[in-house]
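Welcome, and grab your favourite viewer. Below are some short exercises, each followed by a solution that goes step by step.

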Amino acid sequence: MGAARHIAVCSGALALLLGVPFLCSDSFRRLISSDPDAVTSATTVLDAPSGDYVVLINSERHPNAENLSVWHDFFEGREIGFIFEDIECGTLAGDTGGLEMARSYQSRLPENQMKLIPSDPVLLLSKADSGRFDVIVMSSEAAEKYGAESAAKRPGVQVLRVKGAQDEKA
């Protein structure tokens, strides 16, 4: 009788630990919802913030020259076709402009094609100095403040200087 009681208590506790968070999740709400969610299925392209930005691309992670060229066009704001390559985009924690610009880029791609990774500036630029990054987007001010020029001078790193949305003051 003690074993059955033990199994029942453990099963109940496990059901509570796993069941309650699932019942509160969006996944559960979507399962029980009969009408489609018009908000999450819509694609919204975010406008680029104003300002100057630096994009570092590690060409060693993109050995296909054609894909690398398409990524250049993409980050410079040109229209691109489909590209069948996923990227990880690092941003500097605390660099609001860089994060907004990266989110703007992310919104122009299919879902999950660009993974955003906000990181500690010193850690991310240390990784960049040793070539352990894919793409980094940061504001020009943050690049200057944290000394990103050492990563930019590394062989295989391509630097793009891009402008965000222009203020429309006439």
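**Exercise 1. Count the disulfides, then describe the cover of Cys10 and Cys89.**

Step 1: Take a disulfide as a pair of cysteine sulfur atoms within 2.5 Å; by this rule the count is 0.

Step 2: For cover, call a residue buried under 20% relative accessible area, exposed over 50% and partly exposed in between, using a 1.4 Å probe and protein chains only. Cys10, at 39%, is partly exposed, while Cys89 is buried at 0%.

A note before you go on: the model is predicted, so local features need pLDDT of at least 70 and side-chain atom pairs count only at pLDDT 80 or more, whereas totals for chains, interfaces and linings use all residues. Residues are numbered from 1 along each chain as its sequence is written, and side-chain values use heavy atoms, with hydrogens and water left out.

**Exercise 2. Find the nonpolar patch on the surface and say which helices supply it.**

Step 1: Patches here are made of residues with over 30% relative accessible area and no salt bridge; like charges are joined within 9 Å, and nonpolar side chains (Val, Leu, Ile, Met, Phe, Trp, Tyr) within 5 Å. Areas come from the Shrake-Rupley method with a 1.4 Å probe, and for residues only the protein chains shown count as cover.

Step 2: The patch consists of Phe22, Leu23, Leu31 and Ile32, which together have about 430 Å² of accessible area.

Step 3: Helices (H or I, at least four residues) and strands (E, at least two) are DSSP runs, numbered from the N terminus. At least two patch residues come from each of helix H1 (2–23) and helix H2 (26–32).

Step 4: Look at one member, Leu23, which sits in H1 and is partly exposed at 48%.

**Exercise 3. Work out which residues of helix H4 are buried and what covers them.**

Step 1: Within H4 (residues 65–75), the buried residues are Asn67, Leu68, Trp71, His72, Phe74 and Phe75. They share one side of H4, because their arc around the axis is only 165°; the arc is that of the directions from the helix axis to the C-beta atoms.

Step 2: On the face turned away from this buried side, H4 carries the exposed residues Ala65 and Glu66.

Step 3: With contact meaning heavy atoms within 4.5 Å, the cover over the buried residues includes strands S1 (52–58), S2 (87–92), S3 (114–119), S4 (135–139) and S5 (157–163), along with helix H5 (96–107).

**Exercise 4. Place Val135 and list its contacts beyond four places in sequence.**

Step 1: Val135 belongs to S4 and is buried, with 3% relative accessible area.

Step 2: Leaving aside neighbours within four places, Val135 touches Val55, Leu56, Ile57, His62, Phe75, Ile87, Glu88, Cys89 and Gly90.

Step 3: Take Gly90 from that list: it is 45 residues from Val135 along the chain, yet their C-alpha atoms are separated by 6.1 Å.

**Exercise 5. Count the salt bridges and say which parts of the chain the pairs Lys163–Asp52 and Glu60–Arg154 tie together.**

Step 1: Side chains of opposite charge can pair when their charged atoms come close. The cut-off is a side-chain nitrogen of Lys or Arg within 4 Å of a carboxyl oxygen of Asp or Glu, and the whole structure has 4 such salt bridges.

Step 2: Lys163 pairs with Asp52, with the closest N and O atoms 2.8 Å apart. Lys163 lies in S5 and Asp52 in S1, so this bridge ties together parts 111 residues apart in sequence. Lys163 is exposed at 56%, and Asp52 is partly exposed at 34%.

Step 3: Glu60 pairs with Arg154, the closest N and O atoms being 3.6 Å apart. Since Glu60 is in the loop between S1 and H4 and Arg154 in the loop between helix H8 (149–152) and S5, the pair ties together parts 94 residues apart in sequence.

Step 4: Asp73 and Arg78 meet at 2.6 Å, N to O, and a network of salt bridges links Asp73, Glu76 and Arg78.

**Exercise 6. Find the buried face of helix H6 and its packing partners.**

Step 1: In H6 (residues 121–129), Pro121, Leu124, Leu125 and Ala128 are buried. Their arc of 95°, seen down the axis, means that they line one face of H6.

Step 2: These buried residues pack against S2, S3, S4, helix H7 (140–146) and H8.
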